[in-house]
Amino acid sequence: MSTPKPHNDLPTLADKLDWTEELKRLSQRIQDCHTPHVLGVHGDWGSGKTSFMRQLQRKLGGEMPNDASVVDFNANGSPVKPEQYQPTPEEKQRQKEIITIWFDAWRYQNEVVPVVALLHEMRRQMATMSVLKEKFGKTMEIALRYTLNSLADIGKSIGIEGLPSADKVEKLGNDWEAKHHAQTSTSDSLRSHLHVTIQALLPSEDARVVVFIDDLDRCNPKAAIRLLEGLKIYLNIPNCVFVLGMNERILVDAIREEISAPKEIAPEELKLRAAHYLEKICTDIYRLPLPKDAGILLGQWIENTEQRNALTAALGKTICLPPNPRRLKALANQWDRFADCVAFPASQSDQEIWAVHVLIAAYIHQFHRDLWERWYFTPDFIREVKIWCDTVTSSLPPPAWSSALKLTQKQKESNGPWQTNFPNPGDIDIFWLDDLIRRYRDNLLPEDFIPLLQGKS
């Protein structure tokens with residue numbers, strides 16, 4: 001049997017998360033919304049935002065990059081090279097109505113005015129689009145270069161070196177236009193000029209450009225703010241839709257670090273102000289749905305059918321895995337590693353126990369380094385882990401080594417009316433396996449894990 005190849009973390013065009021209806025609904029929303037419009041796609045890190053946005057871009061007829069940055073697959077599971085992909089008739093029709101642009105924000109986070117880099121990227125991608133080549137030929141590059149030169153001049157004039165307050169953001173644009181109104185008419189202002197140029201470049205009068213901005217939450221706070229400001233001040237024009245991929249919590253934290261506020265303001269109020277600032281720019285936020293069944297999703301990345309069936313039987317209806325595609329894919333890589341350390345048993349009941357052993361070893365090794373290192377040197381440590389997981393139903397105090405972690409079924413020491421029995425799925429300090437360990441506690445003997453700890457079969 002061939003050794004499974006480790007899974008990579010590239011965005012994929014293969015829909016493993018049952019996003020079909022979501023993509024259909026959101027693509028229609030983008031086509032029908034009034035412009036200008038800013039749509040935020042929120043998801044925790046690893047939730048699949050980039051894959052979702054790439055699939056949404058294709059749904060809108062967007063051309064995929066001709067490189068290895070996005071992975072697509074045939075029905076038989078073999079990868080498809082971008083140049084081999086043929087758009088559907090529906091996608092070809094949408095290419096005449098919608099121009100899509102992809103912008104990796106974090107790659108330009110060191111730009112003083114990131115919106116300039118965005119317009120350069122728009123020019124670069126538009127220059128290769130067949131639907132625009134058919135309409136404009138070589139004149140397209142000249143028109144865009146003129147627009148970009150104008151933007152560069154205005155960016156130097158504004159000279160945004162620090163972060164203005166939320167109220168000052170719009171005032172900057174208004175002040176600039178008022179200052180230059182004597183020299184230039186309204187129709188020659190940057191925003192109007194940009195609108196006219198984009199309108200002229202689009203395939204038809206009713207067409208629109210949809211700009212996907214990814215990894216905004218990976219930028220340093222100043223870069224994220226400057227790009228948001230640029231969208232609000234300069235690109236708030238008709239025929240433009242912006243789709244921002246973001247971890248809303250991370251982005252609000254970044255804004256909170258940068259906004260101007262009195263020193264005596266409470267942290268909670270400062271966070272609310274940061275959220276309000278984001279709302280002024282992005283009034284439409286779509287929250288990416290979590291995987292409906294993390295166990296089934298993990299199984300999709302386990303190639304061996306017998307092992308996958310054993311895992312499914314062991315998990316049953318237990319919720320014991322992080323509902324995060326990236327983390328599950330990483331866990332599948334560890335599964336493949338540890339599955340070779342213990343022989344696969346013949347009986348079905350033993351196969352379930354085998355799957356539980358492999359899953360526990362793979363999970364702790366991948367997500368809880370401190371626990372793994374204790375366990376590696378002291379195989380009996382699994383007994384302490386079992387006792388800790390049992391503290392949900394007992395009055396025993398948690399061990400010192402667990403202070404940074406939370407069990408899924410015990411979020412607070414008190415049993416007050418507001419206590420939750422399920423963690424926030426986006427939290428990274430959750431020990432997800434506690435319920436599974438309680439179910440199989442009698443089958444988790446230290447000696448059974450020694451081959452897994454040693455990494456030997």
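**Exercise 1.** Work out the handedness of the crossing of α15 and α19 in this predicted model, then describe how the two helices pack.

*Solution.* Start with the hand: α15 and α19 make a right-handed crossing. Next, the geometry. The axes of α15 (residues 348-367) and α19 (residues 446-454) come within 10 Å and cross at roughly 55°. That puts α15 and α19 oblique to each other, because the angle falls outside the parallel, antiparallel and perpendicular ranges. Now look at who touches whom: from α15, His357, Val358, Ile360 and Ala361 meet Asp448, Phe449 and Leu452 of α19. Sorting the residues of this contact gives five nonpolar, one polar and one charged.

**Exercise 2.** Find how α13 and α15 are oriented, and list the residues that meet.

*Solution.* Take the axes of α13 (residues 305-315) and α15: they come within 8 Å and cross at roughly 90°. Angles of 65 to 115 degrees count as roughly perpendicular, so α13 and α15 are roughly perpendicular to each other. On the α13 side we have Gln307, Ala310, Leu311, Ala313, Ala314 and Leu315. Their partners in α15 are Gln351, Glu352, Trp354, Ala355, Val356 and Leu359. By class, this contact holds nine nonpolar residues, two polar and one charged.

**Exercise 3.** Check the span of α9 against the expected value, then decide whether α9 is mostly covered or mostly uncovered.

*Solution.* Helix α9 (residues 221-233) has 13 residues, and its first and last C-alpha lie 18 Å apart, close to the 18 Å expected at 1.5 Å a residue. As for covering, eleven of the 13 residues in α9 are buried, making the helix mostly covered. Among the buried ones are Pro221, Ile225, Arg226, Glu229 and Ile233.

Technical notes: Residues are numbered from 1 along each chain as its sequence is written. This is a predicted model: local features need pLDDT of at least 70, side-chain atom pairs count only at pLDDT 80 or more; totals for chains, interfaces and linings use all residues. Side-chain values use heavy atoms; hydrogens and water are left out. Axes are lines fitted to C-alpha atoms, for helices over the stretch in contact, and angles run from 0 to 180 degrees between N-to-C directions. Helices (H or I, at least four residues) and strands (E, at least two) are DSSP runs, numbered from the N terminus. Angles under 35 degrees count as roughly parallel, over 145 as roughly antiparallel, 65 to 115 as roughly perpendicular and the rest as oblique. A crossing is left-handed if the near helix is turned anticlockwise from the far one by less than a right angle, and right-handed if clockwise. Contact means heavy atoms within 4.5 Å. Ala, Val, Leu, Ile, Met, Phe, Trp, Tyr, Cys and Pro count as nonpolar, Asp, Glu, Lys and Arg as charged, and the others, Gly among them, as polar. The expected span of a helix is 1.5 Å times one less than its number of residues. Buried means under 20% relative accessible area, exposed over 50%, partly exposed in between (1.4 Å probe, protein chains only).
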